[in-house]
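Me: I have a protein chain open on my screen and I'd like to understand the labels people put on it. Could you walk me through the reasoning?

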Amino acid sequence: MKEQSTQQVRLWTTDFILLMLCNFLLFLQLHMIVSPLPSYVQERFHANAFEVSLFTCLFALSAIAARLYSAKALEKGLRNAMIYIGLSVALLATLGYYFAAGIAVLLLLRMLFGIGFGMSSTAFPTMASDIVPVKRMGEGMGYFGLSTSLAMSMGPIIGVTLLQGAGFVTLMLCTAGVLAVIYPLSYSLTRKKAVRTDNSTTIMPQATTSASGSNPKQKTPFNRKLILPSVLNCLLSITYGGLVGFIVLYGKEANLANPALFFLFNALAVLVVRPFAGRIYDNKGPKALLIPGAIFVAVGLILLSYATSMSLLFIAAFIYGIGYGSMQSSLQTWMIQVVSPTQRGMANGMFLNSLDLGIATGALLLGAIAAITSYTDMYRYSVMFMILFLLIYLIQGKRSGSFSIEPHALLAHTHITATEPPQDQSKTSESGAGNTETSQSNKSKHE
């Protein structure tokens, strides 16, 4: 029994590492082309600021539409289909960039890529949330989210370097190669059935049955608890949309030698903060990370708008990365914890949709601001979204009387809140799990 308990809380399994790697490569491929694409389109097709923003916006909207279907497909057990069909569509769209002779064709391919990316990007985090032990959910999803954050930080540097040094065709082939590598890596994962170590089938199976309803064909209702974290994630992502869409163009305006290095220092900050952020979340909840994180993001954006040297750019990137890295993983874990295990596909889909919607909104709205004013003013205006973030979160927390989340009933016994000590919580869960068996055993002995 002791051995089984140890295995249940083990985090770094082979499957978890493979999932992180697949997710990293998928988002790396995306961001290798997202940042250099506006610069390429502007130089090759002489596009204006609005046309440039459409490449980010239409991709994000098509990914959102694809995930609405993917969440339902994952609930039906079509995980493997979502992965392989999504990867194949994204790969074909990427190779199609070579034949794109105009903006219209390139936009169509970006939308097609968004559909493929939306399908496959929903499956990997859902699989991860199924195998991460619930007692370490904040830490586990924090580490998993690190693969996304690192890809979002490293991808633009690699992509801009390839575009400037070797040209767009080489960039296209390299991004296609990154997608191709995911096929063999995900093979061992897709061969296995979805097994939850201690999240759904192992923990409280009777409660699982009652929570899901008596009719297995009953339609899963939308969980309204996902609305608030989705809105907050969207606001955070708007600021990131201004970075991935316009950092290269801002560098030209501010006469910065290599503005894409912003993402390198952003990645370093994420690496530093993410392991601590997961543990803080598990012990104190999202409030301890979201409020200071929003302040760090706002300060990073203000410093960026005044960056006239690479050193100030690096400082701005590091400060922004501390805030963004701690906030994004907290919001994803929050969304996973407030739903039942069967709704994790919905939760991850909502998280990614709000991420893409924010990036799309940021590309359009901040692009319009930049067209009227400048990229410098655009980053200063983007601070308003962090102010709005804090206002919504603080008002909602005050209205509810608490800033701690209410985990789903299937996970509540393992969740550690700010008001309850970890030791007592674990004792409660252990005693609660064994109460029925102990009472039955004692009863049979007396009889």
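Reply: Happy to; we'll take the labels one by one and see what stands behind each. Keep in mind that this is a predicted model.

Me: Why is the contact between Arg 67 and Asp 356 called a salt bridge?

Reply: The cut-off is 4 Å between a side-chain nitrogen of Lys or Arg and a carboxyl oxygen of Asp or Glu. Here the N to O distance is 2.6 Å, so the pair qualifies under that cut-off. Arg 67 belongs to helix α4 and Asp 356 to helix α14, so this salt bridge links distant parts of the chain, 289 residues apart.

Me: What makes Arg 67 buried or exposed?

Reply: Buried means under 20% relative accessible area. Arg 67 has 1%, so the word for it is buried. Its partner Asp 356 has 4%, and is therefore buried too.

Me: How do you know that Arg 380 and Asp 377 form a salt bridge?

Reply: Their closest N and O atoms are 3.6 Å apart. That is within the 4 Å limit, so the label fits. These two residues sit three apart in helix α15, so about one helical turn separates them.

Me: Why are Arg 380 and Asp 377 called partly exposed?

Reply: Partly exposed covers what falls between 20% and 50%. Arg 380 has a relative accessibility of 31%, so that is its class. Asp 377, at 27%, is partly exposed because its value lies in that range as well. The count for the model comes to two salt bridges.

Me: What makes Tyr 40 and Phe 168 a stacked pair?

Reply: Two checks are needed: ring centres within 6.5 Å, and planes under 30 degrees apart. The centres are 3.9 Å apart and the planes differ by 5°, so both checks are passed. Tyr 40 lies in helix α3 and Phe 168 in helix α8, so the pair ties together parts 128 residues apart in sequence. Both Tyr 40 and Phe 168 are buried.

Me: Why are Phe 262 and Phe 263 described as edge-to-face?

Reply: For that label, the planes must be over 60 degrees apart. Theirs stand at 80°, with the centres 5.7 Å apart, so the pair is edge-to-face. Both Phe 262 and Phe 263 are buried, and they share one aromatic cluster with Tyr 240, Tyr 320 and Tyr 324. The model's count is 18 aromatic pairs.

Me: What makes Phe 99 buried or exposed?

Reply: Exposed means over 50%. Phe 99 reaches 66% relative accessibility, so it counts as exposed. Phe 99 is in the loop between α5 and α6. Together with Leu 95, Tyr 98, Val 169 and Leu 173, Phe 99 forms a nonpolar surface patch with about 540 Å² of accessible area.

Me: And Ala 288, why is it called partly exposed?

Reply: Its relative accessible area is 32%, which is between 20% and 50%, so partly exposed is the right label. Ala 288 is located in helix α12.

Me: Where is the predictor's confidence lowest, and where is it highest?

Reply: Helix α9 has the lowest confidence, with a mean of 35, and helix α12 has the highest, at 92. Over residues 1-7 the pLDDT is below 50, and this stretch has zero contacts beyond near neighbours in sequence. Residues 194-217 also stay under 50, yet the model gives them 43 contacts beyond four places in sequence. For the chain, the mean pLDDT is 76, and 78% of residues reach 70 or more.

Methods. Residues are numbered from 1 along each chain as its sequence is written. Side-chain values use heavy atoms; hydrogens and water are left out. Helices (H or I, at least four residues) and strands (E, at least two) are DSSP runs, numbered from the N terminus. Buried means under 20% relative accessible area, exposed over 50%, partly exposed in between (1.4 Å probe, protein chains only). pLDDT is the predictor's confidence in each residue, from 0 to 100. Contact means heavy atoms within 4.5 Å. Patches are made of residues with over 30% relative accessible area and no salt bridge: like charges are joined within 9 Å, nonpolar side chains (Val, Leu, Ile, Met, Phe, Trp, Tyr) within 5 Å. Accessible areas come from the Shrake-Rupley method with a 1.4 Å probe; for residues, only the protein chains shown count as cover. Rings of Phe, Tyr and Trp (its six-membered ring) pair if their centres lie within 6.5 Å; planes under 30 degrees apart count as stacked, over 60 as edge-to-face and the rest as tilted.
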